[in-house]
Amino acid sequence: MSHLLEARGLIVELPTPAGWVRPVNEVSVRINAGQSLGLVGESGSGKTMLSLALMGLLPPGARLGGEATLALESSAAKLTSLSERDWRSVRGGQIAMIFQKPMTSLNPVLRIGAQIEEAIRAHHSQLHFAERKRKAIDALRLAAVPEPEVRAEQFPHQLSGGLRKRAMIAMALSAGPRLLIADEPTAALDVTVQKQILDLLDRLRRELHLGLLFITHDLSVVAQVAERVAVMYAGRIVEEGPAREVLAHPQHPYTQGLLKASPTLERGALKPILGVAPHLTALPPGCAFEPRCELRRMECTVAVPALRLTGSDHAARCLLV
Amino acid sequence: MEPLLTVRDLRKTFRRGGGLFAQNAQAARCTAVDGVSFDVARGETFAIVGESGCGKTTLARMLLGLIEPDAGSIQFQNRDLLVLRGAELRSERRRIQMVFQDPFASLNPRMRVGEIVAEPLAIHERALSEKERLARASSILERVGLNEDALRRYPHEFSGGQRQRIGIARALILQPSLIVADEPVSALDVSVGAQVLLLLQELQREFALTYIFISHSLPVVAQLATRVAVMRAGQFVESGVAEEILRQPKNPYTRELLAAVPELPRA
């Protein structure tokens with residue numbers, strides 16, 4: 001089966017005063033239609049830069065290497081070599097993104113309906129006014145916004161955090177994309193609203209046969225929505241596999257550390273990972289996690305370990321597995 | 001043993017001309033805190049859990065004297081904070097400090113870290129020279145894990161976790177008895193947040209601090225709290241010993257909150 005999205009050895013390089021750095025360093029991921037991949041990483045791991053690369057939204061001056069292909073109706077788009085003109089139909093039309101902060105990605109002076117209609121017009125210029133309006137309301141209904149006709153006439157500040165997220169989901173889905181990238185979609189939401197949004201995304205994935213790339217730093221959230229998980233550290237994928245498997249039997253010391261540092265309702269089990277993530281300008285020659293790793297050995301400093309299989313479908317970038 | 005803090009029937013209602021709080025022009029008032037009472041014992045961690053809009057931040061601001069309550073009393077070390085004035089008020093107020101949620105917004109970006117951390121001394125301990133203030137700042141910064149050259153740098157040069165440590169240092173420099181921490185780790189990555197929680201626990205032991213810990217996250221609260229109060233629409237719907245509230249909640253809203261907590265599969 002061919003994948004909806006396949007990235008192979010994807011590289012993003014950014015110029016800094018200290019030289020070129022690689023926030024995304026030979027990353028390979030695959031997502032099938034109707035499947036969800038959870039990309040887990042903390043600040044500086046490269047997860048957001050990866051999503052921007054997949055949307056053609058890299059900052060000016062960035063260099064892109066490797067390959068990323070998106071399957072279309074009857075062809076495929078090479079995301080790493082699309083012209084800006086081609087991006088205008090792929091971005092939003094084929095791949096859509098929900099950003100982290102709805103108050104900065106929703107226009108505060110436009111009504112919700114108008115913003116969704118704007119997105120629809122960009123991809124379906126043939127539709128006339130009434131159809132666009134109807135489609136916008138359908139999109140809100142799809143995102144389970146109650147009283148969509150009323151909400152469409154409101155401004156973002158009149159909606160609660162959860163409703164704004166739904167409005168963004170509606171906007172992202174309005175042009176009928178195949179792949180949805182959600183960057184920390186539940187950050188700053190209350191836990192009850194978070195559950196609703198996660199359930200919504202899961203339902204939409206199944207009903208619309210969407211591919212879903214779910215980016216988060218929170219392992220407990222990823223467990224709820226992703227079938228597969230990839231953990232990123234310092235620009236590389238350090239562990240990947242089926243979500244349940246990776247979370248129940250983490251192989252990479254960083255993943256193990258993240259799990260122990262994630263608070264649960266059980267008191268006293270919290271254990272931080274000592275130290276901080278390395279600056280991309282000052283990466284060690286060997287494993288990037290080695291300076292913070294409790295299990296480190298001399299061999300770990302020699303070279304960056306390759307991803308090794310630890311099960312039929314589970315891999316970790318560690319010499320000790 | 002006397003409670004450190006006694007709060008009785010605290011109330012705050014905001015009045016607005018429609019707009020923000022209302023889809024209809026009628027609801028021009030919002031009762032943010034609707035009669036809250038509780039005691040906090042010395043050395044404990046009293047957690048207030050609630051979702052956005054429940055009034056917990058308004059409550060925190062009233063405890064710190066940033067907002068004036070409409071009704072109720074706040075007794076700190078047996079003195080009524082709402083009745084005191086001038087120098088007496090200041091001397092009690094310095095014993096209650098706050099750690100804010102947003103490590104990016106709570107530090108003045110145009111001040112060096114040394115100045116930020118030493119600023120409370122400039123206000124409350126005027127007899128100190130600048131050199132002495134900075135020495136105290138340096139010492140408290142070191143205690144929270146930042147070294148001396150932090151003094152000369154600006155907030156933007158630090159990560160979110162480090163900025164939160166700076167905020168904690170600033171809260172500690174006046175040697176408070178009570179710290180109100182409003183969502184101190186919500187804006188931080190998981191492993192960074194864990195480090196800050198651990199730091200808060202260590203500091204509590206070392207400096208004999210009492211915490212009021214406000215959070216929307218039950219798992220975070222579960223790590224530190226001795227007692228928990230669940231807040232909704234301006235009122236405490238349930239409160240008690242942390243273990244009991246978390247394991248055997250009586251109130252349906254508490255149960256709803258607990259049920260919504262995502263579970264991490266553990267090996």
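**Exercise 1. Locate Ala144(A) and determine whether this residue is buried, partly exposed or exposed.**

Solution. The structure is a predicted model.
Step 1: Ala144(A) belongs to the loop that connects helix H5 (129-142) with helix H6 (148-152) of chain A.
Step 2: Around Ala144(A), 17 other C-beta atoms lie within 10 Å. A residue is buried at 20 or more such atoms and exposed at 12 or fewer. Ala144(A) is therefore partly exposed.
Step 3: The backbone adds a further feature, since phi of Ala144(A) is positive, near 60°, in a residue other than glycine. Most residues other than glycine have a negative phi.

**Exercise 2. Carry out the analysis for Ala234(A): where is this residue placed, and is Ala234(A) buried or exposed?**

Solution.
Step 1: Ala234(A) sits in the loop between strand S9 (228-233) and strand S10 (236-242) of chain A.
Step 2: The number of other C-beta atoms within 10 Å of Ala234(A) is 23. With 20 or more as the cut-off for a buried residue, Ala234(A) is therefore buried.
Step 3: Ala234(A) is not a glycine, yet has a positive phi of about 50°.

**Exercise 3. Describe the surroundings of Leu82(A).**

Solution.
Step 1: In chain A, the loop between strand S5 (76-78) and helix H2 (84-90) contains Leu82(A).
Step 2: Leu82(A) has 17 other C-beta atoms within 10 Å and is therefore partly exposed.
Step 3: Apart from neighbours within four places in sequence, the contacts of Leu82(A) are Gly56(A), Ala77(A), Trp87(A) and Val90(A).
Step 4: Leu200(A) lies 118 residues away along the chain, and the C-alpha atoms of Leu82(A) and Leu200(A) are separated by 31 Å.

**Exercise 4. Give the strand order of the eight-stranded open sheet of chain A and identify the strands at its edges.**

Solution.
Step 1: The order is S6-S7-S8-S3-S9-S10-S12-S11 (chain A), and the pairing is mixed.
Step 2: Strand S6 (95-98) and strand S11 (308-309) of chain A each have a single partner strand, so one side of each lacks a neighbour in the sheet. These two strands stand at the edges.
Step 3: Within this order, S10(A) and strand S12 (residues 315-316) of chain A run antiparallel and are joined by two bridges. Glu239(A) is placed opposite Ala316(A) in S12(A).

**Exercise 5. Reconstruct the four-stranded open sheet of chain B from its strand pairs.**

Solution.
Step 1: Strand S1 (residues 5-15) and strand S2 (residues 29-40) of chain B run antiparallel, joined by nine bridges. Phe14(B) faces Cys30(B) in S2(B).
Step 2: S1(B) is also joined to strand S4 (residues 71-76) of chain B, antiparallel, by five bridges; Arg11(B) stands opposite Ala71(B) there.
Step 3: S4(B) is linked to S5(B) by two bridges, again antiparallel. Phe76(B) has Arg79(B) as its bridge partner in S5(B).
Step 4: The resulting order is S2-S1-S4-S5 (chain B), with antiparallel pairing. S2 and strand S5 (79-80) of chain B are at the edges, since each has a single partner strand.
Step 5: Helix H1 (residues 56-63) of chain B lies across S1, S2 and S4 of chain B, at about 60° to S2(B).

**Exercise 6. State how many residues each chain gives to the contact, and characterise the side of chain B.**

Solution.
Step 1: Chain A contributes 33 residues and chain B contributes 27 residues.
Step 2: Helix H6 (190-207), helix H7 (218-224) and helix H9 (252-259) of chain B each supply at least two residues of the side that touches chain A. H6(B) gives the most, with six residues.
Step 3: The side of chain B that touches chain A consists of 16 nonpolar, eight polar and three charged residues.

Terms used:
Residues are numbered from 1 along each chain as its sequence is written. Chains are lettered from A and ligands numbered from 1 in the order in which they are written. This is a predicted model: local features need pLDDT of at least 70, side-chain atom pairs count only at pLDDT 80 or more; totals for chains, interfaces and linings use all residues. Two residues are in contact if their C-beta atoms, placed from the backbone, lie within 7 Å. Ala, Val, Leu, Ile, Met, Phe, Trp, Tyr, Cys and Pro count as nonpolar, Asp, Glu, Lys and Arg as charged, and the others, Gly among them, as polar. Two strands pair if DSSP finds at least two bridges between them. Axes are lines fitted to C-alpha atoms, for helices over the stretch in contact, and angles run from 0 to 180 degrees between N-to-C directions.
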